[in-house]
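The following note sets out points for a colleague who wishes to examine the aromatic contacts and the internal spaces of this structure. Please read it beside the model.

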Amino acid sequence: MVLGRRTALQQPLLRSPATASTTAAPAVTLPARRHAGSLSQRPDAKHVSFPGAVKSAFSNTLRFEQPSTYPALATYRAMDQHGVAADPSFVPDLSEDAVVKLYRDMLTVSIMDLIMFDAQRQGRLSFYMVSAGEEAVSVATASALEKEDVIFCQYREQGVFRQRGFTLADFMNQLFANRKDPGKGRNMPVHYGSKELNIHTISSPLATQLPQASGAAYALKIQRMQDPSIPPRVVAAFFGEGAASEGDFHAALNIAATRSCPVIFICRNNGYAISTPTLDQYRGDGIASRGLGYGIETIRVDGNDFWAVREATKKARELALQDGGKPVLIEAMTYRVSHHSTSDDSFAYRARVEVEDWKRRDNPIARLRKWMEVKGCWDEAKEKEARESIRRDVLKAFSEAEREKKPPIRSMFEDMYENLTPDLQEQMKTLKKQIEQYPDEYDVGEFEEGAGSLGR
């Protein structure tokens, strides 16, 4: 080793020439790192002291470990399926009005899902994905996070958006890809996003959001090290157990663990990836056991239990901010009672009676409603009024968004570069000429400004 040489982490953070030439940036103290050479095996030690297997006791018995000899990780539950408290130490931390609001968010997602699923079947929408049976996971987790926390969703987190303030109009504008869609119709339906709500836009490729979440969490950590006055924030990343079969899942957890990133990984283990049951995906103890393997604090919760999910997320956020930041994994067990998407027929790979049994036995909306009824803040009359009013609101937003025009045709050429390049300008002129030459072949009336936007 060359004396005086500093490692990459000991080097000062790079600054732009402009910054360096004016005011010096504050000194940044990075966490001390333990070098491999600091671990040594002492004579006659009773434990292995080796990088990657610290404090592993020596054994004089030749034995391969078998998963079957270990009990499955427990599943935390705050209330049972009848809405009765199961955890004697559990104390609700929300007012009755706050619980009612969150319950209505869950109802809204459920009702919207039914309407939009039918709309796709009618040909009024190209694609849709419902979150039936998983409403508590999204709404409860979102309610336990701060508004400044950054979120990466997969595609069943309508409840996260709704709890954070996404309006019915926001949902519908994206689903119909009209001129009010912030994405300008460039993405598939159910690929929502909101800069204002700190929720990154959903992308289709499975699990790509997970390493992105680890990187974002690391950025937040470094940002706060540079400026401690910034309020602490975490990143929450949602995914299904099917996504955990992707390589990105393993990369994300390993990055987050080794770099101590303040990120909460939230897995919706709903029993099935598209057409693939969990038994065909893995043989281990769910997804939670993988968190332990990566050295991540982990909990498994009953995903149909609103209160269990909320309590676990609250505690996970505290843990994620401890000691400068660290990752946490939550596995929420919640059965998928609907098809994977409008492109799927789940009865081709699972029995209808299985689905109906789960619907009848337990679901998150019914369970929270039972708890509310016991508390006296909900009854049948309020349930009827809520469902009717929510349905009216969804249909109103649906009708308004469906009537809106599509984004200008010109927008397909924009936003790739700051200014349109000459080749893009030429392509736009060619398209305009084509439309004008064959007006009967192109219905441009549904687009804002019609073909006129191509002439600007």
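How many aromatic pairs does a search of the whole structure find?

1. The model is a predicted one. Searched as a whole, the structure yields 14 aromatic pairs. In one of these, the ring centres of Tyr103 and Trp378 are 5.2 Å apart and the ring planes stand at 70°, so the pair is edge-to-face. Tyr103 belongs to helix α2, whereas Trp378 is in the loop between α11 and α12 (380-403), so the contact ties together parts that are 275 residues apart in sequence. Tyr103 and Trp378 are both buried.

2. Aromatic residues also occur as a group: one aromatic cluster is formed by Phe90, Phe306, Trp307 and Trp371.

3. Two arginine residues deserve attention for their position relative to rings. Arg350 places its charged end over the ring of Tyr272, at 5.1 Å from the ring centre. The charged end of Arg352 lies over the ring of Phe347, at 4.0 Å from the centre of that ring.

4. Turning to open space, the volume of the largest pocket is about 490 Å³. Its lining comprises 23 residues, and Leu114, Ala132, Val337, Ser338 and Lys359 are the closest to the pocket centre. At least two lining residues come from each of the helices α2 (96-121), α10 (352-361) and α11 (364-375). Helix α2 contributes the largest share, with 5 residues. Sorted by class, the lining of this pocket contains 9 nonpolar, 6 polar and 8 charged residues.

5. With regard to enclosed space, the search of the whole structure finds 2 cavities of 30 Å³ or more. The largest cavity holds about 80 Å³ of space. It is lined by 14 residues, with Cys153, Thr201, Ile202, Ser203 and Gln209 nearest to its centre. Which classes of residue make up the lining of the largest cavity? There are 7 nonpolar and 7 polar residues, and no charged residues.

6. The second largest cavity contains about 30 Å³ of space. Its lining consists of Gly133, Asn304, Thr334, Tyr335, Val337, Trp358, Asp362, Asn363 and Pro364. By class, 4 of these residues are nonpolar, 4 are polar and 1 is charged. Val337 thus deserves a second look: this residue lines the second largest cavity and is among the residues closest to the centre of the largest pocket.

Definitions and conventions: Residues numbered from 1 in each chain as written. Predicted model: local features only at pLDDT ≥ 70, side-chain atom pairs only at ≥ 80, totals over all residues. Heavy atoms only, no water. 1 Å grid on protein atoms, 1.4 Å probe; cavity = no way out; pocket = protein on both sides within 12 Å on 5 of 7 lines; lining within 4 Å. Points joined across faces, edges and corners; volume = space filled by probe spheres on them. Helix = DSSP H or I, 4+ residues; strand = E, 2+ residues; numbered from the N terminus. Nonpolar A, V, L, I, M, F, W, Y, C, P; charged D, E, K, R; others polar. Phe/Tyr/Trp six-rings, centres within 6.5 Å; stacked < 30°, edge-to-face > 60°. Buried < 20%, exposed > 50% of the residue type's maximum accessible area, 1.4 Å probe, protein only. Lys NZ or Arg CZ within 6 Å of the ring centre and 35° of its normal.
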